[in-house]
Amino acid sequence: MQVTTPLYINPLHSFHFHNTNKVTKMAHFVLRLLLISVAIFTIVESRSRARMYLELQCRSALYPDLCVETLLPYVRKIGLPISPQLLTQVSLASCLSKAQFTKIYLNMVAKKLNETTNNENNQAVQECLHQINDGVNQITQSFKELQQIGKDGDENFMWHVSNVQTWVSAALTDATTCIDGMLGGGMGRRERAMIKARFLNVKQLASNSLAMFSRFTTRYRASRGIKNPRSVVM
């Protein structure tokens, strides 16, 4: 009869195996934690750089905080570096978007007021509607004109600059006119406040766009050596 020798397991070996396994798992956990920390730090650092970059670019704007918050999502998405011309395009596009939403809102208010007999309120809203229609067209023209800079030669540079400045300034004036017109009248306080707030936002974005545009054109002229621009006849 054959006697089977029982399998002997060294308890020290078992302890060493389990202990090594725990250390390995702990090492993997620490490594994952480290990688996550590095990723978070990289994201935070990138966002911090984007904000610092925009704070520098927006320092000449009348509403620098609004300028930074408006452009920050786009800069984070596009990434640095970003050209001053593209930054101005984003600023104008944001202004145009707000103007278009304001136009939609004002059309709703005008439609509602048409169902009432308050001619004074309706007249004020119609005037603002006229202003925002002009503003949308002017900002749209400015955006298209900005895209042409650098495509048809430097001899047309100041012509494009003059057009953009004129149209954006006109849109800013239109927004101001509506805000001033909303100060009086018998319109409900809530409706008046909503209209003023929307037009004020358009006005501020237009002002910031002008500041960004001025910064872009200054750098463009310096890089191209455009020192004595020709007179522009409007």
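Contact here means heavy atoms within 4.5 Å, and helices (H or I, at least four residues) and strands (E, at least two) are DSSP runs, numbered from the N terminus. The model on display is predicted, so local features need pLDDT of at least 70 and side-chain atom pairs count only at pLDDT 80 or more, while totals for chains, interfaces and linings use all residues. Residues are numbered from 1 along each chain as its sequence is written, and side-chain values use heavy atoms, with hydrogens and water left out.

**The whole chain**

Begin with the whole protein in a cartoon view, where six helices and zero strands are found, and where the elements run α-α-α-α-α-α from the N terminus on. Of the 234 residues, 33% are buried, where buried means under 20% relative accessible area, exposed means over 50% and partly exposed lies in between (1.4 Å probe, protein chains only). Among the contacts with a separation of 6 or more, 72% are between residues 24 or more positions apart.

**α2 and its neighbours**

Next, select α2 (64-78) and α3 (84-114). Two packed helices are described by the angle between their axes and the distance between the axes. The axes of α2 and α3 come within 10 Å and cross at roughly 130°, where axes are lines fitted to C-alpha atoms, for helices over the stretch in contact, and angles run from 0 to 180 degrees between N-to-C directions. The two helices α2 and α3 are therefore oblique to each other, given that angles under 35 degrees count as roughly parallel, over 145 as roughly antiparallel, 65 to 115 as roughly perpendicular and the rest as oblique. To see where they touch, show T70, L71, Y74, V75 and I78 in α2, which meet L86, L87, V90, S91 and S94 in α3.

In the loop between these two helices, select P81, which is joined to L80 by a cis peptide bond with omega of about 0°. As background, most peptide bonds are trans.

Keep α2 in view and add α6 (residues 189-224); the axes of α2 and α6 come within 10 Å and cross at roughly 85°, and the two are therefore roughly perpendicular to each other. Here L66, C67, T70 and L71 in α2 meet N201, Q204, L205, N208 and M212 in α6.

**α5 against α6**

Now select α5 (residues 157-181), which packs with α6 at an angle of about 160°, with their axes 9 Å apart. That angle makes α5 roughly antiparallel to α6. Many side chains make this contact, including F157, V161 and V164 of α5 and F213, T217 and Y220 of α6.

While α5 is selected, pick out W159, which is partly exposed, with a relative accessible area of 35%. W159 and I149 are ten residues apart in sequence and 9.4 Å apart in space, C-alpha to C-alpha.

**The aromatic rings**

Finally, show the aromatic side chains: the structure holds three aromatic pairs, a pair being rings of Phe, Tyr and Trp (its six-membered ring) with centres within 6.5 Å, counted as stacked if the planes are under 30 degrees apart, edge-to-face if over 60 and tilted for the rest. The rings of F213 and F216 have their centres 6.2 Å apart and their planes at 50°, so this pair is tilted. Both residues are buried, and they lie three residues apart in α6, about one turn of the helix. Ring pairs link F157, F213, F216 and Y220 into a cluster.
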